[in-house]
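This report covers one strand and its neighbours, then the overall make-up of the chain and its internal space.

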Amino acid sequence: MTIPESIKQFIISIQGFDNHILQNEDDDFNLVKKNNNNTRSISISTKYNLIENFIRRYPYLEDFLDKCDFQPSTTREGYRLVVVKPKVAIACNLPKAFGEGNCQIEFSSILFRGLKINLNHQDILGQLMIGLHTEADWGCRRFLKQSDRNTFTVNLGQTTVILSKLEVTDLCLCVDEVFQEYQNLIIEFENVLETWDFEFVKLSPIRGFILFSVKQELWNLMQQFANEFDYTKGKSQWHIFHREDISIRVSRGIHDHTFIFPQFDSDLSLFPNNQIKIIYEINNVNFQSFDPDKLTFWQQKIGERGTWTARYTKHWLLEKYIPQVISYYSKKSQLSEAELLAKITNHKSYRVLIKEIDHLRYLAPYLHDIQSWLHIYVENIAASLLQPYYQAYTNLVRNTDSSITGIDYIIGNLRKVEWTNTQEENYSNSTDWKNLTFKYAMDCLDEQVVRINNCESEKSLNADLITRIFIWIIENGKISFSQAQLNAAKQALLPLWEQSRFEMRYVYPNR
């Protein structure tokens, strides 16, 4: 579409000069560049106001600008997702099997015509994932900062733009649609491959998860066994390996089950008995043959006869492969079977799954995770995520023996919440709160439940402080609770903990 020359010159002037003023002359608007002795700088927000006034004076421009808008659409082809709103378009290459995605953002505004902002995987995770499905003015999104009632400063990668509220609304709608799917895919990969319980490591070009550790001597035997039982050398049940450099590749040549990679200590040559971390490697060989147009097709390949999950791989190594290696070489080795087994350091998780929790004490590790996440959280949090959490845990600890120790700690944290909400003078200067009771604390918690139910967003500091209170009461109090209260607490905990787990794994390392 051709832009009228008068409008084009106006926009060029607005974009191109930092030192000019707008004057009303002969009932028309003209940009006049001042000389060096009389220079005035116009802020970016002022420029937007100038443009808005310009458009109001010439109503026909509204029709013209409407025609400049993009045609809304959503298209999906394999791992490529394109979402278009009137003011913003995002084309995204979604991540595949723990790979890295990227995206390109464009605006329909004639101010930014031709501007294409490219974001890599780290930009997406570190900037765009926080605050999905929240309003722009709630303060929950990291890449937005409200300048005034109608404009926002938007940081996208290394590019900063000033957008109107309407443009930001469309940007947020695009971000929500695209990057919710981006996040869903990452979570889906972790769920299907059962990797959440293991630490993620990236050793260029290797990516994977630490399953457990062994001493070097045992690793040498594991690798020796894999080389000796290459699938091309026999047809026994243990001829299931394909020769690799330093890794163990479980494969019969038709399909690869799993890739095991050793992470050596840097001083391994000096200490031959060092621990070697066994890595479940995410190898593209397992995924490159999958049809990208059928996003769920790769999941059908997961299983004992196909690609093994991290959990199954760990079980197979500890329960089948290593015992077989030890049995095979124990007669040839100077070490006994017991000595070889002692060379395994198994990193077990002693947590009870949330859905299987039957006592309050098993909630504490998950609450500690949430508190650690909240403690480093900067932005506000959508109140809808915290409302059931505040309510369920306030009900859960309601019937706590009033003789609980640390009542001053509980009341102190509650007063900090009040102080951050009211901006009063130092909370410690109020009534003699050290002599208050647990009943008073419960009344305060009930007030927080009422407050959060009437909020759109919550300060992360408040959620941090209240979580500390829940942890203290659960770990130190004698609590009478019903099964219904425990079930409600588990249900409210799960989405909050899953969000904290995702962000601690993916968002914060990339901020």
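## Strand pairing and cavity

In this predicted model, strands β5 (residues 88-93) and β6 run antiparallel and are joined by six bridges. Within that pairing, I90 stands opposite I105 of β6. On β6, I105 also has I117 of β7 as its bridge partner. Strand β7 (residues 116-119) is antiparallel to β6, with four bridges between them.

Strand β6 spans residues 102-107 and has two faces. C103, I105 and F107 make up the covered face, while N102, Q104 and E106 make up the uncovered one.

The table lists the two pairings of β6.

| Partner strand | Residues | Bridges to β6 | Residue paired with I105 |
|---|---|---|---|
| β5 | 88-93 | six bridges | I90 |
| β7 | 116-119 | four bridges | I117 |

As for the whole protein, there are 14 helices and 19 strands. Of its 511 residues, 47% are buried. Among contacts between residues at least 6 apart in sequence, 65% join residues at least 24 apart. The accessible surface is about 26100 Å², and carbon and sulfur atoms hold 48% of that area.

How many cavities of 30 Å³ or more does the protein have? The count is one. The largest cavity holds about 40 Å³ of space. Elements giving two or more residues to its lining are α6 (216-228), β13 (241-242) and β14 (248-251). Helix α6 provides the largest share, three residues. Among the lining residues are Q223, F241, H242, I248 and R249. By class, the lining divides into three nonpolar, four polar and three charged residues.

Conventions:
Residues are numbered from 1 along each chain as its sequence is written. This is a predicted model: local features need pLDDT of at least 70, side-chain atom pairs count only at pLDDT 80 or more; totals for chains, interfaces and linings use all residues. Side-chain values use heavy atoms; hydrogens and water are left out. Buried means under 20% relative accessible area, exposed over 50%, partly exposed in between (1.4 Å probe, protein chains only). Contact means heavy atoms within 4.5 Å. Accessible areas come from the Shrake-Rupley method with a 1.4 Å probe; for residues, only the protein chains shown count as cover. Two strands pair if DSSP finds at least two bridges between them. On a 1 Å grid over the protein atoms alone, a cavity is a set of points where a 1.4 Å probe fits but cannot get out, and a pocket is an open set with protein on both sides within 12 Å along at least five of seven lines; lining residues have an atom within 4 Å of a point. Grid points are joined across faces, edges and corners, and a volume is the space filled by probe spheres set on the points. Ala, Val, Leu, Ile, Met, Phe, Trp, Tyr, Cys and Pro count as nonpolar, Asp, Glu, Lys and Arg as charged, and the others, Gly among them, as polar.
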